[in-house]
Amino acid sequence: ISTINCVAMVRVNQLIYSRLGIVTKKNYIKSAVDRNWIRRIVRESFRANQARVKGLDIVLIMRANCVVLSKHDLRQKVDGLWEKLISHKF
């Protein structure tokens with residue numbers, strides 16, 4: 001599943017919980033502070049929605065345009081991604 005800000009690779013796992021991997025490439029996002037800031041917001045959103053997306057292995061590849069978003073906007077975009085994952089049939 002792809003959005004303007006990230007690409008999500010999803011696979012069904014045989015566990016009762018979901019797992020998350022976050023990729024923030026140094027080539028795309030130069031500052032370590034920005035990379036950590038993005039990962040922190042994505043993890044926070046994932047924890048809030050983890051019960052709704054259970055049984056999935058999710059890898060998010062964050063794109064460079066995430067840096068220009070505010071914290072609130074990035075959180076809304078990531079929350080929208082979880083909604084897409086929930087509505088998608090795996």
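Arg47 lies in helix α1, and in this predicted model the residue is exposed, because its relative accessible area of 58% is over the 50% that the term requires. Although Arg47 and Leu20 are 27 residues apart in sequence, their C-alpha atoms are 9.8 Å apart in space.

From this helix one can step back to the overall architecture. The protein has two helices and three strands, and these follow one another along the sequence in the pattern β-β-α-β-α. A compact globule of 90 residues would be expected to have a radius of gyration near 12 Å, and the 13 Å of the protein agrees with that, which means that the model fits the globule rule in this respect. Taken along the principal axes, the C-alpha atoms fill a box of roughly 35 × 20 × 20 Å. Among contacts between residues at least 6 apart in sequence, 83% join residues at least 24 apart.

The surface and the charges can be described in similar terms. About 5600 Å² of the protein is exposed, with carbon and sulfur atoms supplying 54% of that area, while buried residues make up 30% of the 90 residues. The protein carries 18 positive and 6 negative charges, and the mean positions of these two sets are 7 Å apart.

Returning to helix α1, Val42 also lies in this element, but at 0% relative accessibility Val42 counts as buried, because the limit for that class is under 20%. Leaving aside neighbours within four places in sequence, Val42 is in contact with Leu20, Ile22, Leu60, Met62, Val78 and Trp82. The C-alpha atoms of Val42 and His88, by contrast, are separated by 20 Å, the two residues being 46 apart along the chain.

Trp82 leads on to the aromatic residues. A search of the whole structure finds one aromatic pair. Phe46 and Trp82 form this pair, which is tilted, with 5.6 Å from centre to centre and 55° between the planes. The pair links distant parts of the chain, since Phe46 belongs to helix α1 (residues 32-49) and Trp82 to helix α2 (residues 71-87), 36 residues apart. Both partners fall under the 20% limit and are therefore buried: Phe46 has a relative accessible area of 7%, and Trp82 has 0%.

Both partners of the aromatic pair also appear among the contacts of Val53, a residue found in the loop between α1 and β3 (56-62). Although placed in a loop, Val53 counts as buried, because its relative accessibility is 2%. Not counting residues up to four places away in sequence, Val53 touches Ser18, Phe46, Ile58, Trp82, Leu85 and Ile86. Val53 and Val68, on the other hand, are 15 residues apart in sequence and 27 Å apart in space, C-alpha to C-alpha.

A last buried position is found towards the start of the chain, where Asn5 lies in the segment before β1 (6-12). Asn5 has a relative accessibility of 7% and so counts as buried. With neighbours within four places in sequence left aside, Asn5 is in contact with Ile61, Met62, Arg63, Asn65, Cys66, Leu69 and Lys77. Met62 is named among these contacts of Asn5 and also among those of Val42.

Conventions. Residues are numbered from 1 along each chain as its sequence is written. This is a predicted model: local features need pLDDT of at least 70, side-chain atom pairs count only at pLDDT 80 or more; totals for chains, interfaces and linings use all residues. Side-chain values use heavy atoms; hydrogens and water are left out. Helices (H or I, at least four residues) and strands (E, at least two) are DSSP runs, numbered from the N terminus. The radius of gyration is taken over C-alpha atoms; the globule rule is 2.2 Å times the number of residues to the power 0.38. Buried means under 20% relative accessible area, exposed over 50%, partly exposed in between (1.4 Å probe, protein chains only). Contact means heavy atoms within 4.5 Å. Accessible areas come from the Shrake-Rupley method with a 1.4 Å probe; for residues, only the protein chains shown count as cover. Lys and Arg count as positive and Asp and Glu as negative; His and the chain ends are not counted. The place of a charge is taken as NZ of Lys, CZ of Arg, CG of Asp or CD of Glu. Rings of Phe, Tyr and Trp (its six-membered ring) pair if their centres lie within 6.5 Å; planes under 30 degrees apart count as stacked, over 60 as edge-to-face and the rest as tilted.
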